[in-house]
Each structure stands twice: as structure tokens, then as C-alpha cells.
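Morning, everyone. I'd like to spend a few minutes on the empty spaces in this one, and on a couple of backbone oddities, so let's get it up on the screen.

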Amino acid sequence: MTSQSSPENTPTTPVGPRDSSKTPRYAGRATYALLPELHEVGRADIAVAGVPFDTGVSYRPGARFGPSHVREASRLLRPYNPAQDISPFAVQQVADAGDLVANPFNLDEAIQQVADGARDLLTQAEKLVVIGGDHTIAYPLLRTMAEKHGPVAVLHADAHLDTWDTYFGAPITHGTPFRRASEDGFIDLTASAHLGIRGPLYGKGDLDDDARLGFQITTSEFIEEHGVPAAIERLRARLGDRPVYISVDIDVLDPAHAPGTGTPEAGGLTSRELLRIIRGLSDLNLVGADVVEVAPAYDHAQLTAVAASHVVYELISAMGQSKNAQVENTQVENTQEA
């Protein structure tokens, strides 16, 4: 993780990505979207951090290399988002905070390190968007969100419930973070939701447990039958006006769109559907997010990394909509005064 610069060096207007007309996109260090590092700007509205950790996986490893893979794919992102009509890096300061250290040999210590690292970053940034790493990291991240906002409404996009009890006796793994977060009071039991769930379960009781833990499920079959607008409406009604944390396991996408992940399931969303759903939630109170389970060893032609980098981009754009509204209101007021 990068260090904080002195307050006197903090820019008064947002510093955006490197100018790709002067330095080729493929040259230099691959920060997310070629953004400045956090220590270069001092403070940020949004800090993008990586967690290169996959000790909590139950099948194919490799997500520890996800943050660097996603950053590489993000080189091609551009500063204006026409789908949301926003320049997300101009209306708010977004910076790359580097990687949080997580002990690869000690799961409990790694969880504490991620929580401590996120808590420290929240003294330098208003919001966090974290690139994993495996889904274990959602638990310590939700802990820090609850410390700041109280229990948060969670939108969990995934092929899997991730509300199972234990694996080999381990209580916190990439298949259990939302059960532990629910039991520990980190999430709003009346306003949390899964998106894109599909595939086989261990038993029908998994669904009963999940409902008890506070989640409403919008399956990939629901989207196929009723369409994306109906899914957006259903999610908006569930999440309401609470502080919302979005956790995206890239395996919510069909393996055709995201092969580079540890536990792929057939029948998933397209990248276009997922991006559209995020855009449909852009006026909600989004307080943080993660995008996890990108495993480059199974990727092809950066398909998964490109998808993940665009998901992060849409999340940052969505978080910037309130800032964008403030800028537009100020411009209107200045015009009226003139």
C-alpha cells in the first residue's frame, strides 16, 4: 500500500489518468486505468486497492494474481463514460492505492490484515473499490463497512450463494463470507440480495439457510425469463435507500465471458447484462465495492480481466453520479448568478 503525502501537496482538483496521447497506454506502470497513485494526491474520493490473496479458495487457485491482471487490462479504459454520461475521474478524485498485504500462509491473520488495511485506507479515501483476490476478502471488507456505516445492504453478484457454513472446519473461506457477515451483524438482513445465482447446490436446505441469513435471490434464470429491466427493478426495491455495498464475483458471468476464474458455472450473465444492471443502480447510496475471483492462469486473451476492469469502471462511474450532480448544480447556479 502506498503512503500518504502531506496535506499541502494535495491537489485541489481531481488528477486524472496519464495522458495516453503523450505516453502510450502500454508503457509505464499499470495503475488501475492509468490513474495516479494515492500518495501522489494525498486523499481521494475513491481508492482502488488490490488484495493479491487466494488462500481461501476451495477449487482452482490463482486469484492472487487477479489485481495485477485487471490493472493491465484497464490500460485501455478512457476517461468519459457515455453509458452513464459521466467523466468519473473528473468529478471525483480516484487513485490507485496499491495492494493490501495479506499473509498467504495464515488465513486468520490475512483476514485481520485486510480489515486493518481497509480501515487505514478509509482515513485517506471516502470509498473503496477493491480488486481481489478470492471472495474471502469480502468478510473483512464488510466488517470495515459496518464500522463506518452500520449494517449495509449487500448486493452480491455471483454464481454461488457463498453462505455455506464451513469448509474442512474453516469458518471463513471464499464460500462462507456472507454467512459470517450476516451472523456478525455486518449486513442489513432486510435489504440484501444475490444476483446471478445458478447451478447445483449441496441441498435444498442451502436456500432456506440463505433466506434466514437475509438474502433475496435474483437468479440468472430470472433474468433470462423476465429481462434485465425487471431484475433492476427487483434489486432497487430490495436495496432501497440504505448504504449499499456491491460485491462482484466475476464468475457471475458465463464462462464464455469470464473463463479466468476458479469455480466457473454454465448459464451465467453476459458482461453486457452485468454492466447494465450496475448502471441501473447508479443513483443508490453506493458506499463501497469489490470485484474478485479473477484467476489469470485460466484466462484467454484477457477476456476475464477486460470484463472485470469494466465492472470496476462502471462501479466507479456509478459512485460518481452524486458528485456529478453537485457539479452540474453548481454550474447552473453560477450561470444564473451571471
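Let me start with the second largest pocket, where α10 gives the most to the lining, with four residues. Keep in mind throughout that this is a predicted model. Helix α10 covers 303–319, and both α10 and α9 supply at least two residues each to that lining. The volume of this second largest pocket comes out at about 220 Å³. It has 14 lining residues, and the closest to the centre are L76, L77, R78, H310 and Y313. By class, that lining splits into eight nonpolar, three polar and three charged residues.

Okay, so what about the largest pocket, how much space lies in it? About 270 Å³. There are 15 residues lining the largest pocket, and H160, W164, Y167, Y202 and E265 are the closest to its centre. The class count for this lining is six nonpolar, five polar and four charged.

Now for the closed spaces. How many cavities of 30 Å³ or more does a search of the whole structure find? Two. The largest cavity has a volume of about 40 Å³, and the second largest has about 30 Å³.

If you want to find the largest cavity on your screen, look for L155, A157, L195, I246, V248, L274, I277, I278 and L281, which line it. Which element gives the most to that lining? That would be α9, with three residues. Strands β4 (153–157) and β7 (243–249), like α9, each supply at least two. And the chemistry is easy to remember: nine nonpolar residues in the lining, no polar ones and no charged ones.

The second largest cavity is lined by F53, A102, A110, I111, V114, T136, I137 and P140. Here the largest share, three residues, comes from helix α3, residues 107–121. The classes for this lining are seven nonpolar, one polar and no charged.

Let me go back to α9, since we've met this helix in the lining of the largest cavity and in that of the second largest pocket. Helix α9, residues 271–279, packs with helix α8, residues 228–239, at an angle of about 40°, and the two axes are 10 Å apart. That angle makes α8 oblique to α9. For those who like handedness, the crossing of these two helices is right-handed. On the α8 side, the residues that meet α9 are V228, P229, I232 and L235, and on the α9 side we have E273, R276 and I277. Sorted by class, that contact has five nonpolar residues, no polar ones and two charged ones. You may recognise I277, by the way: this residue is in the α8 contact and also in the lining of the largest cavity.

Last bit, the backbone. Which two residues does a cis peptide bond join? G132 and G133, with omega at about 20°. G133 is found in the loop between β3 (125–132) and α4 (138–149). The other spot to check is L34, where phi is near 65°, a positive value in a residue other than glycine. You'll find L34 in the segment before α1, which is 38–41.

That's everything from me, so over to you for questions.

Terms used: Residues are numbered from 1 along each chain as its sequence is written. This is a predicted model: local features need pLDDT of at least 70, side-chain atom pairs count only at pLDDT 80 or more; totals for chains, interfaces and linings use all residues. Side-chain values use heavy atoms; hydrogens and water are left out. Axes are lines fitted to C-alpha atoms, for helices over the stretch in contact, and angles run from 0 to 180 degrees between N-to-C directions. Angles under 35 degrees count as roughly parallel, over 145 as roughly antiparallel, 65 to 115 as roughly perpendicular and the rest as oblique. A crossing is left-handed if the near helix is turned anticlockwise from the far one by less than a right angle, and right-handed if clockwise. Contact means heavy atoms within 4.5 Å. Ala, Val, Leu, Ile, Met, Phe, Trp, Tyr, Cys and Pro count as nonpolar, Asp, Glu, Lys and Arg as charged, and the others, Gly among them, as polar. On a 1 Å grid over the protein atoms alone, a cavity is a set of points where a 1.4 Å probe fits but cannot get out, and a pocket is an open set with protein on both sides within 12 Å along at least five of seven lines; lining residues have an atom within 4 Å of a point. Grid points are joined across faces, edges and corners, and a volume is the space filled by probe spheres set on the points.
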